Amino acid sequence: YIQKANVSLFTHIAVTLLLLLLVLGAGYMAITSMAARTYVLEINQRLYRDVAEHLVSETQPLKNGRLDTTATHDIMHSMMVINPSVEVYLLDTTGKIIDYVVPFSSVALDEVDLTPIKTFLQESDKTLVLGDDPKEVGATNIFSAAPIIEDSVLQGYAYIILAGALQ
């Protein structure tokens, strides 16, 4: 009887320790995976931080306060050929989407929240900032943004989703 009790106690302890090890291992893997994903997003946003600024400086998407799509669509399309996960949006000063070039699917939002864009433009490049993903309601993503300024007046923003979903 005593030997059976020892085996039973040993079995309970072993099973308890095994379950504890499995739970700790799963927790470690989840935390590590989340940290790695955040790190990759932060690095990509830092690496491509100036993409929107280059787009604005090369194309002048707004002229005399009006949308000029002739040059911008060619450059936007070329950007997306090089990196198909890029989605390019032009916003007015209130965050309303006034033009876009997006592969394979439609845009779900009419406007995006400007708060993350303003934070992105003011913060150093060491901070991960997520903004609205116009293709999916309630989703956020990494982005690059730049103000569109003409005659010292803010006309809108170039807003580029850097890791869009290929759908």
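Colleague: How many salt bridges does a search of the whole structure find?

Modeller: A salt bridge is read here as a side-chain nitrogen of Lys or Arg within 4 Å of a carboxyl oxygen of Asp or Glu. In this predicted model, the search of the whole structure finds two salt bridges. Arg46 pairs with Glu42, with 3.2 Å between the closest N and O atoms. Lys135 and Glu87 form a salt bridge as well, at 3.4 Å from N to O.

Colleague: Where in the chain do Lys135 and Glu87 lie?

Modeller: Lys135 belongs to the loop between β5 and β6, while Glu87 is in strand β3, residues 87-91. With their positions 48 residues apart, the pair links distant parts of the chain. Lys135 and Glu87 are both buried.

Colleague: How far apart in helix α1 are Arg46 and Glu42?

Modeller: Arg46 and Glu42 are four residues apart in helix α1, which covers residues 2-47, so about one helical turn separates them. As for accessibility, Arg46 is partly exposed at a relative accessible area of 35%. Glu42 has 18% relative accessibility and therefore counts as buried, since the cut-off for buried is under 20%.

Colleague: Which side chain of opposite charge is nearest to Asp133, and how far away is it?

Modeller: The nearest is Lys135, at 6.6 Å. A salt bridge requires the nitrogen and oxygen to be within 4 Å, and Asp133 has no salt bridge although it is buried. Its relative accessible area is 8%.

Colleague: What surrounds Asp133, leaving aside its neighbours within four places in sequence?

Modeller: Asp133 sits in the loop between β5 (130-132) and β6 (140-150). Beyond those sequence neighbours, its contacts are Glu87, Leu109, Ala139, Thr140, Asn141 and Ile161. Glu87, one of these contacts, is also the salt-bridge partner of Lys135. In addition, the C-alpha atoms of Asp133 and Ala108 are 8.8 Å apart in space, with the two positions 25 residues apart in sequence.

Colleague: How should the overall fold be described, and in what order do the elements of the protein run?

Modeller: The secondary structure consists of four helices and seven strands. From the N terminus, the order is α-α-β-β-α-β-β-α-β-β-β. The protein has 167 residues, of which 35% count as buried. Among contacts with a separation of 6 or more, 55% join residues 24 or more positions apart.

Colleague: How is empty space in the protein to be read, and which residues line the largest pocket?

Modeller: Rolling a probe the size of a water molecule over the atoms reveals where empty space remains. Here the largest pocket holds about 180 Å³ of space. Its lining is made up of Asn44, Tyr48, Val51, Met79, Ile82, Asn83, Val86, Ile142, Leu162 and Ala163. By class, the lining has eight nonpolar residues, two polar and no charged.

Colleague: What is the phi of Asp151, and what is that of Ser152?

Modeller: Most residues other than glycine have a negative phi. Asp151, although not a glycine, has a positive phi of about 55°. Ser152 is likewise not a glycine, and its phi is positive at about 65°.

Colleague: Where are Asp151 and Ser152 placed, and is each of them buried or exposed?

Modeller: Asp151 lies in the loop between β6 and β7 (153-161), and Ser152 is in the loop between β6 and β7 too. Asp151 is exposed, having a relative accessible area of 71%. Ser152 also counts as exposed, with 75% relative accessibility.

Conventions: Residues numbered from 1 in each chain as written. Predicted model: local features only at pLDDT ≥ 70, side-chain atom pairs only at ≥ 80, totals over all residues. Heavy atoms only, no water. 1 Å grid on protein atoms, 1.4 Å probe; cavity = no way out; pocket = protein on both sides within 12 Å on 5 of 7 lines; lining within 4 Å. Points joined across faces, edges and corners; volume = space filled by probe spheres on them. Nonpolar A, V, L, I, M, F, W, Y, C, P; charged D, E, K, R; others polar. Helix = DSSP H or I, 4+ residues; strand = E, 2+ residues; numbered from the N terminus. Buried < 20%, exposed > 50% of the residue type's maximum accessible area, 1.4 Å probe, protein only. Lys, Arg positive; Asp, Glu negative; His and termini not counted. Contact = heavy atoms within 4.5 Å.
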